[in-house]
Amino acid sequence: MPPRSRPRPKILIVLHQETSSPGRVGHMLLEEGFDLDIRRPPLGDELPCTLDGHAGAVIFGGPMSANDEDEFVRRETDWLEIPLKENRPFLGICLGAQMLANHLGGKVEGHGEGLVEIGWYPLKATEAGKKLLHWPEMVYQFHREGFSLPKGATLLATAETYPNQAFRYGENAWGIQFHGELTRMMMQRWVVRGAHRFELPGAQPGRDHLGGRLIWDMHLKRWLGEFLRLIFGRPAVG
């Protein structure tokens, strides 16, 4: 009999709406050899009490605030104790990064002058960030709040309006404010459904979202692949 193949390791994927997708992050993790265990806590899905059965976890963004009193927001924020305690790879994207900042004692709030980042904006890697990998010069943003840098965290990338864009805490916890996971279809959907937010101060018109993608997305995509390998590695083949 041929040897039984080893099951593919799973990454826990936490989404916040019925129609939400892990997008390019999901595609890349599957291509690297992982399976996806998708949970949607706002729809009643439970989160595991340990990550022993997972190779890591990703909490994605959503239209809600990390400061909201919804049960699932508090439950997810408290749950972050598990990957931190077990030292398992964790990535928080936008809302997920803000939850991580809150959990670590940071603060999530809007800009003092009401500015938002909705569209493509410059990013600058810190010296600590440059030592890890090459970062894109422009990234896609869609948020009205940012986070303070938690005590003990290392800032990896910064920007003008919201200075804390990416950080690392300990060996395996990472948070990024911007979005690298959007496929073209996802961006088109965000532009249509989020059009009312383009009137907010600092936001860019919808045409600039899609136009900027033609120029800068290839660099963002390349960075994302390298970043995911940095966090989760590659599962052993067997």
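The exercises below, each with a worked solution, concern a predicted model.

**Exercise 1. The sheet**

Task: In what order do the eight strands of the open sheet lie, and which are the edge strands?

Solution: Begin with the order, which reads β2-β1-β3-β4-β12-β11-β10-β7, with a mixed pairing in an open sheet of eight strands. The edge strands are β2, at residues 35-39, and β7, each of which pairs on one side only. Strands of a sheet pair through backbone hydrogen bonds, either parallel or antiparallel, and the next exercise looks for both senses.

**Exercise 2. Parallel or antiparallel?**

Task: For the pairs β4 with β12, β10 with β11, and β7 with β10, state whether the strands run parallel or antiparallel, and give a facing pair of residues for each.

Solution: Take β4 and β12 as the starting point. Strand β4 (residues 90-93) pairs with strand β12 (residues 173-176) in the parallel sense, over four bridges, and I93 stands opposite I176 of β12. Next, β10 is joined to strand β11 (residues 166-169) by three bridges, and these two strands run antiparallel; here T154 has R168 in β11 as its bridge partner. Finally, strand β7 (residues 124-125) is joined by two bridges to strand β10 (residues 154-158), again in an antiparallel run, and A125 stands opposite A157 in β10.

**Exercise 3. Helices across the sheet**

Task: Which strands do α1 and α7 lie across, and at what angles do they run to β2 and β12 respectively?

Solution: Consider α1 before α7. Helix α1 lies across β1, β2 and β4, and its direction makes an angle of about 145 degrees with β2. Helix α7 lies across β1, β3 (56-59), β4 and β12, and runs at about 160 degrees to β12. On the side of α1, the residues G23, R24, V25, G26, M28 and L29 are buried, and the buried residues of this helix pack against β1, β2, β4, α6 (184-193) and α7. Just after α1 comes G33, which takes a positive phi of about 115 degrees.

**Exercise 4. Two helix packings**

Task: Decide how α1 is oriented to α7, and how α2 is oriented to α4.

Solution: Work from the angle in each case. Helix α1 (residues 23-32) packs against α7 at an angle of about 50 degrees, with the axes 10 Å apart. This angle is neither under 35 degrees nor over 145, nor does it fall from 65 to 115, and α1 and α7 are therefore oblique to each other. The crossing in which α1 passes α7 is right-handed. On the α1 side the contact is made by R24, V25, M28, L29 and E32, while the residues of α7 that take part include R213, L220, L224 and F232.

Helix α2 (residues 71-79) packs against α4 at about 65 degrees, with axes 9 Å apart. Angles from 65 to 115 degrees count as roughly perpendicular, and α2 and α4 are therefore placed in that class. Their crossing is right-handed, and in it V73, E76, T77 and D78 of α2 meet M99, N102 and H103 of α4. Helix α4 (residues 95-103) is mostly covered, since seven of its nine residues are buried; among them are L95, M99 and L100. Just after α4, G105 takes a positive phi of about 95 degrees.

**Exercise 5. Buried or exposed?**

Task: Classify H209 and P7 as buried or exposed, and say where each is placed.

Solution: Use the two cut-offs, by which a residue is buried under 20% relative accessible area and exposed over 50%. H209 is found in helix α7, at residues 206-232, and is buried because its relative accessible area is 0%. Setting aside neighbours within four places in sequence, H209 is in contact with I118, G119, W120, Y140, F142, M187, V191, F198 and Q204. P7, by contrast, counts as exposed because its relative accessibility is 67%. P7 belongs to the segment before β1 (10-14), and its C-alpha atom is separated by 9.1 Å from that of D35, which is 28 residues away along the chain.

**Exercise 6. An annotated span**

Task: Which residues does the UniProt annotation "domain: Glutamine amidotransferase" cover, and how much of the span is helix and strand?

Solution: The annotation, which comes from an unreviewed UniProt entry, covers residues 50-183. In the model, this span is 21% helix and 31% strand, and its end C-alpha atoms lie 31 Å apart.

Notes:
Residues are numbered from 1 along each chain as its sequence is written. This is a predicted model: local features need pLDDT of at least 70, side-chain atom pairs count only at pLDDT 80 or more; totals for chains, interfaces and linings use all residues. Side-chain values use heavy atoms; hydrogens and water are left out. Buried means under 20% relative accessible area, exposed over 50%, partly exposed in between (1.4 Å probe, protein chains only). Contact means heavy atoms within 4.5 Å. UniProt positions are given in the numbering used here, feature names are shortened, and annotations may be inferred rather than shown by experiment. Two strands pair if DSSP finds at least two bridges between them. Axes are lines fitted to C-alpha atoms, for helices over the stretch in contact, and angles run from 0 to 180 degrees between N-to-C directions. A crossing is left-handed if the near helix is turned anticlockwise from the far one by less than a right angle, and right-handed if clockwise.
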